[in-house]
Amino acid sequence: MELHQYKGRLIIHTGSMFSGKTSSLEKDIKRFKIAGYNTIAFKPVVDSRYSKNEIVTHDLTYMNAILVEDIDEIIEYCDELKPDVIAIDEVQFLGGELKNIVNGINEFLKRGCTIIVAGLDMDYRGKPFEVIKELMPISDYLHKHHAVCAKCGVDAWVSHRKSDDMERIKLGASDEYEPLCRKCFLEEKNKMNNI
C-alpha cells in the first residue's frame, strides 16, 4: 500500500469534543503503520485524563504516545527518530508560542514529513483556539467532525461546559462538557446570562 500522496502534507481533524477527532487521528496513524511508514505520536503533557503515555479516545481505544510540553520537544524527538509521519493529539494544549508551533509544523512539512493533528477548533465559549485557526489555512486535508447535540440530536457545533467555571482550559469528559448545536448553545448561554 502506497500513501505517497500524503508525503509532506498536513492533515487536521477538528471539531467539538466527542466528535471522533482522536479516533480519526488514530485510524490515520494505523493506516500509515500498516503501509510501513515510521510513525510517532505525541500528546501535550497537560492531557492526562485517561493515560500518561497513550492517546486514548473517549470510547477507550489506545495508542502509544510521547508526552511533550511544546513543539521544541517534538522537534528534538523527531530529529533523533526521523519519523515519516508525526501525529499530535490535542494540539490546542501544546505549550509554547503560537508562531513556534506553526513554524515547527511548517519545517516538518518542508522535510517531507506527514503531520496529522487533532484538536478542538473552539473553547467552551465558542471562541477559536488560535493554533487550529492558524493551521487550518495551511492544511492539505481538513476534516471538521461533529458530535451529536446533547439537547436536540442535530450536529453539534461546540463543547459546552456544564459548570460556571471560567478558566479557558479545564480538562474533562462528559462529566464536565456536552456537545451542543449552535441553537442549543446560544439558549444555554442566554440562561447563564439571565441567572
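Let's start with helix 3, residues 98-110, in this predicted model. Helix 3 lies across strand 1 (10-15), strand 6 and strand 7 (114-120). Against strand 7, helix 3 runs at about 150 degrees.

Helix 3 also has a helical companion. Helix 2, residues 71-81, has an axis that comes within 9 Å of the axis of helix 3, and the two cross at roughly 20 degrees. That angle makes helix 2 roughly parallel to helix 3. The crossing itself is left-handed. If you'd like to find the contact on the screen, look on helix 2 for Ile 71, Ile 74, Ile 75 and Cys 78, and on helix 3 for Asn 100, Ile 101, Gly 104, Ile 105 and Phe 108. What classes of residue make up this contact of helix 2 with helix 3? There are seven nonpolar and two polar residues, and no charged ones.

Now for the sheet. Six strands form an open sheet with parallel pairing, in the order 5-2-6-7-1-8. Strand 5 and strand 8 (141-145) are at the edges, and each has a single partner strand, so one side of each is left without a neighbour in the sheet. On average, and ignoring direction, neighbouring strands here are turned by 20 degrees against each other.

Let me spend a moment on strand 2, residues 39-44. How many of its six residues are buried? Six of the six are, so to speak, under cover: strand 2 is mostly covered. As a reminder, in a regular strand the side chains alternate between the two faces of the sheet. In strand 2, Thr 39, Ala 41 and Lys 43 point one way, while Ile 40, Phe 42 and Pro 44 point the other way, and all are buried. Yes, that list of buried residues includes Lys 43.

And the neighbours of strand 2? With strand 6, residues 85-88, strand 2 shares four bridges, and the two run parallel. One place to look is Thr 39, which stands opposite Val 85 in strand 6. With strand 5, residues 66-68, strand 2 has three bridges, again running parallel. Here Lys 43 has Leu 67 as its bridge partner, and Pro 44 stands opposite Val 68.

Two methionines next, both in loops. Met 17 sits in the loop between strand 1 and helix 1 (21-34). Is Met 17 buried or exposed? Its relative accessible area is 6%, so Met 17 is buried. Along the chain, Met 17 is 104 residues from Asp 121, yet their C-alpha atoms are 9.5 Å apart in space.

Met 136 belongs to the loop between helix 4 (130-135) and strand 8. At 26% relative accessibility, Met 136 counts as partly exposed. Which residues does Met 136 touch, leaving aside those up to four places away in sequence? They are Ile 12, Thr 14, Asp 121 and Leu 142. Thr 14 is 122 residues from Met 136 along the chain, with 9.4 Å between the C-alpha atoms.

Let me finish with the whole chain. There are five helices and 10 strands. Of the 195 residues, 48% are buried. And if we take contacts between residues at least 6 apart in sequence, 72% of them join residues at least 24 apart. Thanks, everyone, and I'm happy to go back to any of these views.

How values were computed. Residues are numbered from 1 along each chain as its sequence is written. This is a predicted model: local features need pLDDT of at least 70, side-chain atom pairs count only at pLDDT 80 or more; totals for chains, interfaces and linings use all residues. Side-chain values use heavy atoms; hydrogens and water are left out. Axes are lines fitted to C-alpha atoms, for helices over the stretch in contact, and angles run from 0 to 180 degrees between N-to-C directions. Angles under 35 degrees count as roughly parallel, over 145 as roughly antiparallel, 65 to 115 as roughly perpendicular and the rest as oblique. A crossing is left-handed if the near helix is turned anticlockwise from the far one by less than a right angle, and right-handed if clockwise. Contact means heavy atoms within 4.5 Å. Ala, Val, Leu, Ile, Met, Phe, Trp, Tyr, Cys and Pro count as nonpolar, Asp, Glu, Lys and Arg as charged, and the others, Gly among them, as polar. Buried means under 20% relative accessible area, exposed over 50%, partly exposed in between (1.4 Å probe, protein chains only). Two strands pair if DSSP finds at least two bridges between them.
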